[in-house]
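Hi there,

Here is the structure I promised to pass on. Have a look at it first, and my notes follow below.

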Amino acid sequence: MTALLAIMLAGAGAPAMVVIDEAATVREEAPPHGAIGLSTAWRISDAVPAPRSFEFRKRALHVGAAIGIHAIDHDEIYYVVSGTGVVHSDGEEKALKAGTAAWLYKGAKVGIRQTGDEELVLIIAYPNKAPAP
């Protein structure tokens with residue numbers, strides 16, 4: 001958190017907005033849920049102070065990489081910016097390409113894998129759990 005953002009939060013509650021440069025959030029890492037291959041992750045919403053109601057991320061799955069199959073307890077959206085891939089939900093698979101979105105439902109077992117010769121670049125959004133009372 002920047003010093004300016006900390007001062008704003010301490011003085012008057014949550015700010016009216018937060019603007020984030022994705023370049024400040026980028027890192028190379030294995031994809032979640034199985035560490036299959038490598039990816040570039042832009043954990044954009046991590047730069048937003050809590051509480052926040054949802055997560056917003058960008059991820060590039062390098063050639064051969066995948067987000068492994070895992071159960072979700074919320075709806076989740078994968079939007080394809082570029083590249084091609086296959087999304088999995090409860091045993092069903094569908095091809096994805098730039099400009100397509102997969103809306104995955106709470107309770108499903110889901111995953112996505114890169115296909116083709118270029119990285120699969122995704123925007124991923126999902127709600128946060130409500131804080132415990």
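**What I found**

Glu-119 is partly exposed, at 32% relative accessibility. This glutamate sits in the loop between strand E9 (109-115) and strand E10 (120-127), and together with Glu-28, Asp-117 and Glu-118 forms a patch of negative charge on the surface. Please keep in mind that this is a predicted model.

As for the overall layout, the protein chain has one helix and 10 strands, and the helix comes ahead of the strands when you read from the N terminus. Of its 133 residues, 35% are buried.

The largest nonpolar core holds 16 residues, and Leu-61, Tyr-78, Val-87, Leu-104, Ile-112 and Leu-122 touch the most other members. Strand E5 (76-82), strand E8 (101-104), E9 and E10 each give two or more residues to this core, with the largest share, three residues, coming from E10.

You may also enjoy the charged pairs: the whole structure has 10 salt bridges. One of them joins Asp-46 and Arg-57 at 3.0 Å, N to O. Asp-46 lies in the loop between strand E2 (39-42) and strand E3 (54-61) and Arg-57 in strand E3, so this bridge ties together parts 11 residues apart in sequence. Asp-46 is partly exposed at 36%, whereas Arg-57 is buried at 14%. Both belong to a salt-bridge network that also includes Arg-43, Arg-52 and Glu-55.

Elsewhere, Arg-113 and Glu-93 meet in a salt bridge at 3.1 Å, N to O, linking strand E9 to strand E7 (residues 92-97) across 20 residues.

Best wishes

Methods:
Residues numbered from 1 in each chain as written. Predicted model: local features only at pLDDT ≥ 70, side-chain atom pairs only at ≥ 80, totals over all residues. Heavy atoms only, no water. Patch = residues over 30% accessible without salt bridge, like charges linked within 9 Å, V, L, I, M, F, W, Y side chains within 5 Å. Areas by Shrake-Rupley, 256 points an atom, 1.4 Å probe, with all protein chains shown as cover. Salt bridge = Lys/Arg side-chain N within 4 Å of Asp/Glu carboxyl O. Lys, Arg positive; Asp, Glu negative; His and termini not counted. Charge placed at Lys NZ, Arg CZ, Asp CG, Glu CD. Helix = DSSP H or I, 4+ residues; strand = E, 2+ residues; numbered from the N terminus. Buried < 20%, exposed > 50% of the residue type's maximum accessible area, 1.4 Å probe, protein only. Core = buried A, V, L, I, M, F, W, Y, C linked by side-chain atoms within 4.5 Å.
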